[in-house]
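Subject: The structure we talked about

Hi there,

Here is the structure I promised to pass on to you. Have a look at it first, and then read on for my notes.

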Amino acid sequence: MKQNAPTTNENLVIAIYADDKKGLLGQILMVLNRRNVMIYDLNVSRTDIQPIVLITIEVDLLPHEAYNINHKIANIIEVHKVTAYPANEIKLNKIAFFKLAGSCMRSTLWPSLQKYGAAITEIYDDSFIVQKIGSDRDLDELYHQLDGEFLISYCKSGLVVSQSLIPLDLLFQQA
C-alpha cells in the first residue's frame, strides 16, 4: 500500500556553510522562491575562516521538500555544506532590541527587564536600548511585558542554530 507524503508544512532551519561570493544569497533565495517557500528568518554570519559564511534560514515547507531543496542548494558551487533541522526540535537563539522611553526606569516594568535577563546596551537623553537573546517564545514574552506606553520600537534578528556550529576543519574534510 502506497503511503502519502505529509501534507502539512513545518518550520525548518537550513544551515549553509559557503564561500562569501557576490550573488550567492541571490542564488539560494532563487531556489527557495521557485518553490514558493515562506522565509521567516534569514541570517548571514562570518565565521573564523575569512572567506566562509554561515547562512541560516528559517523556512516553512513540506518535510519531503527539504531533501530536494537542500540538494539544489548544495549544488551551488560556493556551498560547502547544507543541513536542515526541524525548528521545533532545536534551540534557536535570536536577538531582540527594544527601544524604551526613559521614563520606563521609574515604572513597574523595570523588574521585568531584570527578570528576563535583558541588558541595556545604549542610553540616550530620552530613551534607551535593551537587548535580549533567547528563543522566539522568550522574546515574545518580554515583548508582551514591555508593549505599551514605554515601548518606542522593537526588532528581532540573528537566527543561529548551535547545532550548525561545526569545527570548520571538519567541514573541509567532508567536502
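Below is what turned up, starting with the strands and ending with the charged pairs and the cysteines. Please keep in mind that this is a predicted model.

Strand S3

A good place to begin is strand S3, which spans residues 52–61 and has 10 of its 10 residues buried. Both of its faces are covered. One side carries Ile 52, Leu 54, Thr 56, Glu 58 and Asp 60, while Val 53, Ile 55, Ile 57, Val 59 and Leu 61 sit on the other.

S3 pairs with two strands that you can pick out in the viewer. Strand S1 (residues 10–19) runs antiparallel to S3 and is joined to it by 10 bridges; within this pairing, Leu 12 stands opposite Val 59. Strand S2 (residues 38–46) is also antiparallel to S3, with eight bridges between them, and here Val 44 has Ile 55 as its bridge partner. A hairpin of five residues leads from S2 to S3.

Salt bridges

Side chains of opposite charge can pair when their charged atoms come close. In this model there are seven salt bridges. Asp 136 and Lys 156 form one of them, with an N to O distance of 2.7 Å. That pair ties together distant parts of the chain, since Asp 136 belongs to helix H4 (residues 136–146) and Lys 156 to strand S8 (residues 151–161), 20 residues apart. Lys 156 also meets Asp 140 in a salt bridge, at 3.7 Å. Here again helix H4 is linked to strand S8, with the two residues 16 apart.

How exposed are these three side chains? Asp 136 is partly exposed at 25% relative accessibility, Lys 156 is partly exposed at 28%, and Asp 140 is partly exposed at 32%. They belong to a network of salt bridges that also includes Asp 41, Glu 58 and Lys 94.

Another salt bridge stays inside helix H4: Glu 141 and Arg 137 are four residues apart, about one turn of the helix, and their closest N and O atoms are 3.5 Å apart. Glu 141 is partly exposed at 31%, whereas Arg 137 is exposed at 62%.

Cysteines

How many disulfides are there? The count is zero. As for individual cysteines, Cys 104 is buried, at 0% relative accessibility, while Cys 155 is partly exposed, at 40%.

Enjoy looking around!

Best wishes

Terms used
Residues numbered from 1 in each chain as written. Predicted model: local features only at pLDDT ≥ 70, side-chain atom pairs only at ≥ 80, totals over all residues. Heavy atoms only, no water. Disulfide = S-S within 2.5 Å. Buried < 20%, exposed > 50% of the residue type's maximum accessible area, 1.4 Å probe, protein only. Pairing = 2+ DSSP bridges. Salt bridge = Lys/Arg side-chain N within 4 Å of Asp/Glu carboxyl O.
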